[in-house]
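Thanks for taking a look at this one with me. Below are some numbered notes to help you find your way around.

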Amino acid sequence: DVTEIEEKEAQAKQEEQIMKEQELSNLLHEKRYLKALGLAISLDRPHTVLMVIKAILKETDGRKHLEENIVRLRKDQKEAVLAFSVTWNTNSRNCHEAQAVIETLLKHEAPDSLLQYSGIKSAVESLLPYT
């Protein structure tokens, strides 16, 4: 019977998830935005990533800090943020944050580099009507 083993694994995953949530909350409170962005992306939490970006933009020189943080993300993390931005851009409440992210990516990534992103074609097609 493997039921007990599966229950223990599920409980361990749930505990790990709670620990990551607490860590994310602590990072936001400490204004360690780069780590918070990375953790929220790894947890696949677009809304949390949006909240981190909003917090960065509320800071003095928010755009500059946003650029500094996004530039330091790995390529796969940038791809995830771009994908999240496509969704955010369709909502008028979140479109400004989405545009800030898109602007940063366009300014700091070479066109050839952007073409290597997975899903870039569909992202551009989705962004055009709302941008």
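Not counting residues up to four places away in sequence, which residues does Gln-77 touch?

1. Let me start with that question, and with a reminder that this is a predicted model. Gln-77 touches Gly-38 and Ile-41, once residues up to four places away in sequence are set aside. You will find Gln-77 in helix H5. Its relative accessibility is 10%, and because the cut-off for buried is under 20%, Gln-77 counts as buried.

2. Both of those partners, Gly-38 and Ile-41, are among the buried residues of H2. Helix H2 spans residues 33-42 and is mostly covered, with seven of its ten residues buried. Besides the two just named, the buried residues of H2 are Tyr-33, Ala-36, Leu-37, Leu-39 and Ala-40. They pack against helix H1 (3-29), helix H3 (46-58), helix H4 (62-71) and H5.

3. Please pause at Asp-44, which follows H2 and is found in the loop between H2 and H3. Asp-44 is not a glycine, yet its phi is positive, about 55°. Most residues other than glycine have a negative phi. With a relative accessibility of 53%, Asp-44 counts as exposed.

4. Another residue to check in this way is Asp-61, in the loop between H3 and H4. Here too phi is positive, near 55°, in a residue other than glycine. Asp-61 has 51% relative accessibility and counts as exposed.

5. Back in helix H5, have a look at Glu-79. Is Glu-79 buried or exposed? Its relative accessible area is 18%, so Glu-79 is buried. Not counting residues up to four places away in sequence, Glu-79 touches Gln-116, Tyr-117 and Ser-118. Glu-79 and Ser-118 are 39 residues apart along the chain, and their C-alpha atoms are separated by 7.0 Å.

6. How many aromatic pairs does a search of the whole structure find? The search finds one, formed by Phe-84 and Trp-88. The pair is tilted, with 6.2 Å centre to centre and 40° between the planes. Phe-84 and Trp-88 are separated by about one helical turn, because they are four residues apart in helix H5 (residues 75-89). An α-helix has 3.6 residues a turn, so residues three or four places apart point the same way. Phe-84 and Trp-88 are both buried.

7. Now for the pockets. The largest pocket has a volume of about 220 Å³. It is lined by 13 residues, and the closest to its centre are Ile-102, Leu-106, Ile-120, Val-124 and Leu-127. Which helices each supply at least two residues of this lining? They are helix H6 (95-108), helix H7 (111-115) and helix H8 (120-127). The largest share, four residues, comes from H8. By type, the lining divides into twelve nonpolar residues, one polar and no charged.

8. Finally, a word on annotation. According to UniProt, in an unreviewed entry, residues 21-131 carry the feature "domain: U3 small nucleolar RNA-associated protein 13 C-terminal". In this model, the span is 76% helix and 0% strand, and the C-alpha atoms at its ends lie 33 Å apart.

Methods: Residues are numbered from 1 along each chain as its sequence is written. This is a predicted model: local features need pLDDT of at least 70, side-chain atom pairs count only at pLDDT 80 or more; totals for chains, interfaces and linings use all residues. Side-chain values use heavy atoms; hydrogens and water are left out. On a 1 Å grid over the protein atoms alone, a cavity is a set of points where a 1.4 Å probe fits but cannot get out, and a pocket is an open set with protein on both sides within 12 Å along at least five of seven lines; lining residues have an atom within 4 Å of a point. Grid points are joined across faces, edges and corners, and a volume is the space filled by probe spheres set on the points. Ala, Val, Leu, Ile, Met, Phe, Trp, Tyr, Cys and Pro count as nonpolar, Asp, Glu, Lys and Arg as charged, and the others, Gly among them, as polar. Rings of Phe, Tyr and Trp (its six-membered ring) pair if their centres lie within 6.5 Å; planes under 30 degrees apart count as stacked, over 60 as edge-to-face and the rest as tilted. Buried means under 20% relative accessible area, exposed over 50%, partly exposed in between (1.4 Å probe, protein chains only). UniProt positions are given in the numbering used here, feature names are shortened, and annotations may be inferred rather than shown by experiment. Contact means heavy atoms within 4.5 Å.
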